[in-house]
Amino acid sequence: MGKMRTQLGVLHKPLFSWKGSYVVTKAAAEKDVTFDNGPDGSIAEDCFFAMKAFERGYTFNWIEGEMWEKSPFTLSDLLKQRKRWIQGIFLVVHNRDIGFRYKVFLALSLYAWLSLPLSCLTVLLNFTHPATYPQWLEVLSAWIASVNIYMFMFGALKSFPFRRLGLLKGIFSIIGAVLFIPVNVVVENIAVIWALFSEKHQFYIVDKNFLGRSAVDAAIV
């Protein structure tokens, strides 16, 4: 959240791309940039659009507010969604139609994501084969881990607000989200490996209906 808010609201540039949900665009800008950008621009179309608009000199901003969004309801859909995001961003980074200087931070973000399996392997090996690291590296690693845990908890609190669910149900929902962290880590690792070694021009549409009902209908019932 801080990354999006800072780059769009302060710098007015999508240095790390953006999330395509709830985008408000001037008609002339959308017509000029377009979402019709060929195979490489059709998997993570929001990312390609942002980088292309950035290159053409368009500015961006942040609108304050809270919006509801549907998430995948199955592990299979979650895995395929993450795989598509990784592959789509990979195609944007390696596409020659957009200058690399506009994608350098996006590339750093992507390859940090792709290093996830190695990072997790290092953590596991450290339990059986402890190693000594420079203090600055340990501090940096702790800070990165703390930020990720904070973002996860922030997202859980936003997804399961006590004012809507009540205290007891809200607490159990957040506990469930925390217990799900190891599963999420496994899914993310599989998604990275699958994305690297599979066809990158396949677009998977996530089914966001729950038991044949939309998420809104399910919430109302």
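Mentor: Before we start, one term: two residues are in contact when their heavy atoms lie within 4.5 Å. Keep in mind too that this is a predicted model.

Trainee: Thanks! Against which helices do the buried residues of H3 pack?

Mentor: Start with helix H3 itself, which covers residues 45-55. Eight of its eleven residues are buried, so H3 is largely enclosed by the rest of the structure. Those buried residues pack against helix H2 (27-33), helix H4 (75-94) and helix H5 (104-114).

Trainee: Which residues of H3 are buried?

Mentor: A residue counts as buried when its relative accessible area is under 20%. Cys47 meets that cut-off, because its value is 2%. The full set in H3 is Cys47, Phe48, Phe49, Ala50, Met51, Lys52, Ala53 and Phe54.

Trainee: Let me pick one of them. Which residues does Ala50 touch, not counting those up to four places away in sequence?

Mentor: Ala50 is found in helix H3, and its relative accessibility of 0% makes it buried. Leaving out residues up to four places away in sequence, Ala50 touches Pro14, Ser17, Trp18 and Phe60.

Trainee: And how far apart are the C-alpha atoms of Ala50 and Ala107?

Mentor: Ala50 belongs to H3, and Ala107 comes 57 residues away along the chain. The separation between their C-alpha atoms is 14 Å.

Trainee: What value of phi does Gly57 take just after H3?

Mentor: Helix H3 ends at residue 55, and Gly57 follows just after it. The phi of Gly57 is positive, at about 95°.

Trainee: I saw Cys47 in that helix. How many disulfides does the count come to?

Mentor: Cys47 is buried at 2% relative accessible area, while Cys120 is partly exposed at 21%. A disulfide needs two cysteine sulfur atoms within 2.5 Å. By that rule, the number of disulfides is zero.

Trainee: Now for charges. How many salt bridges does the structure hold?

Mentor: Side chains of opposite charge can pair when their charged atoms come close. One such pair here is Asp32 with Arg56, at 2.9 Å from N to O. This pair links distant parts of the chain, with Asp32 in helix H2 and Arg56 in the loop between H3 and H4, 24 residues apart. The number of salt bridges in the structure is three.

Trainee: What is the N to O distance in the salt bridge of Glu64 and Arg5?

Mentor: Glu64 is exposed, with 59% relative accessible area, whereas Arg5 is partly exposed at 35%. Their side chains meet in a salt bridge, and the N to O distance is 2.5 Å.

Trainee: Are Glu188 and Arg82 buried or exposed?

Mentor: The side chains of these two residues form a salt bridge at 2.8 Å, N to O. Glu188 lies in helix H10 (residues 181-196) and Arg82 in helix H4, so the pair ties together parts that are 106 residues apart in sequence. Both Glu188 and Arg82 are buried.

Trainee: With which residue does the side chain of Gln81 make a polar contact?

Mentor: Gln81 is found in helix H4 and is buried at 7% relative accessible area. Not counting residues up to four places away in sequence, Gln81 touches Pro72, Val206 and Lys208. The polar contact of its side chain, at 2.7 Å, is with the side chain of Arg82.

Trainee: Let's move to the surface. Which helix gives the most to the nonpolar patch?

Mentor: The patch covers about 820 Å² and is made by Leu157, Phe162, Leu167, Leu168, Ile171, Phe172, Ile175 and Leu179. Six of its residues come from one helix, spanning residues 167-179. The helix that gives the most is H9.

Trainee: What is the relative accessible area of Leu168?

Mentor: Leu168 lies in helix H9 and is one of the residues that make the nonpolar patch. A residue is exposed when its value is over 50%. Leu168 is exposed, because its relative accessible area is 60%.

Trainee: One more! How far are the C-alpha atoms of Val147 and Leu75 separated?

Mentor: Val147 sits in helix H7 (residues 135-159) and is partly exposed at 28% relative accessible area. Val147 and Leu75 are 72 residues apart along the chain, and their C-alpha atoms are separated by 24 Å.

How values were computed:
Residues numbered from 1 in each chain as written. Predicted model: local features only at pLDDT ≥ 70, side-chain atom pairs only at ≥ 80, totals over all residues. Heavy atoms only, no water. Patch = residues over 30% accessible without salt bridge, like charges linked within 9 Å, V, L, I, M, F, W, Y side chains within 5 Å. Areas by Shrake-Rupley, 256 points an atom, 1.4 Å probe, with all protein chains shown as cover. Salt bridge = Lys/Arg side-chain N within 4 Å of Asp/Glu carboxyl O. Helix = DSSP H or I, 4+ residues; strand = E, 2+ residues; numbered from the N terminus. Buried < 20%, exposed > 50% of the residue type's maximum accessible area, 1.4 Å probe, protein only. Polar contact = N/O pair within 3.5 Å; in protein donor to acceptor, adjacent residues only side chain to side chain.
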